[in-house]
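The report below goes through strand pairing, the nonpolar core and the cysteines of one structure. Please keep the sequence and the coordinates at hand while reading.

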Amino acid sequence: MAGIKNYEKHKHLIGKKINKLTILDIVIYENRQHTYALTKCDCGTVKEVRLSYIVNNKVVDCGCEHQNRLKERIINKYRHLINTKINGWTILDIIPSNDKS
């Protein structure tokens, strides 16, 4: 019963965009004490996030901006090597890997 009350309490947020996240649905688990939201980020990623984190601006996107900042940091760190010859190879560009491992 508490799940239904929680859903009713938060359903007005469905369709609302907060920062880069659009709330698609409210998700309530019986075995968890927190309410979650199914969200879609501006980048297209669909992810479940704790609703209080979204409302209190602790989470503003799916993590894509953090990844973009890391990639920029890598590019800037090694940019000086472009057009440098190392062991007969010329570095033409710096491309960060998309591999998360």
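## Cys41 and its surroundings

Cys41 is buried, with a relative accessible area of 4%. The model is a predicted one, and the values given here are computed from its atoms. Once neighbours within four places in sequence are set aside, Cys41 is in contact with Lys20, Leu21, Asp61, Cys62 and Cys64, so that two further cysteines appear among its partners.

## Cysteine sulfurs

How many disulfides does the count come to? The count comes to 0 disulfides, and the distances for two of the cysteines show why. For Cys41, the closest cysteine sulfur is that of Cys64 at 3.8 Å, which is too far for a bond, because a disulfide requires a pair of cysteine sulfur atoms within 2.5 Å.

The sulfur of Cys62 has its closest cysteine sulfur in Cys43, at 3.5 Å, and this too is too far for a bond. Cys62 counts as buried, at 15% relative accessibility, because its value falls under the 20% limit.

## Strand pairing

Strand E1 (residues 17-18) and strand E2 (residues 21-28) run antiparallel and are joined by 2 bridges. Within this pair, Ile18 stands opposite Leu21 in E2. The hairpin of E1 and E2 has 2 residues between the strands, and Asn19 there takes a positive phi near 55 degrees.

E2 is also joined to E3 by 7 bridges, with the two strands running antiparallel, and the hairpin that connects E2 to E3 passes through 6 residues. In this pairing, Asp25 stands opposite Leu38 in E3.

## Thr35 in strand E3

Thr35 lies in strand E3, which covers residues 35-41. Is Thr35 buried or exposed? With a relative accessible area of 11%, Thr35 is buried, because the limit for a buried residue is under 20%.

Not counting residues up to four places away in sequence, Thr35 touches Asn6, His10, Ile26, Val27, Ile28, Arg50 and Leu51. Of these partners, Ile26, Val27 and Ile28 fall within the residue range of E2, 21-28.

## The nonpolar core

The largest nonpolar core has 13 residues, and those with the most contacts inside it are Leu21, Ile23, Ala37, Cys41, Leu51 and Ile54. Two or more residues of this core are given by each of E2, E3 and helix H2 (51-55), and the largest share, 3 residues, comes from E2. Cys41, buried at 4% relative accessible area, is thus listed among the core residues with the most contacts, and Leu21 of that list is also one of its contacts.

Notes. Residues numbered from 1 in each chain as written. Predicted model: local features only at pLDDT ≥ 70, side-chain atom pairs only at ≥ 80, totals over all residues. Heavy atoms only, no water. Helix = DSSP H or I, 4+ residues; strand = E, 2+ residues; numbered from the N terminus. Buried < 20%, exposed > 50% of the residue type's maximum accessible area, 1.4 Å probe, protein only. Contact = heavy atoms within 4.5 Å. Pairing = 2+ DSSP bridges. Core = buried A, V, L, I, M, F, W, Y, C linked by side-chain atoms within 4.5 Å.
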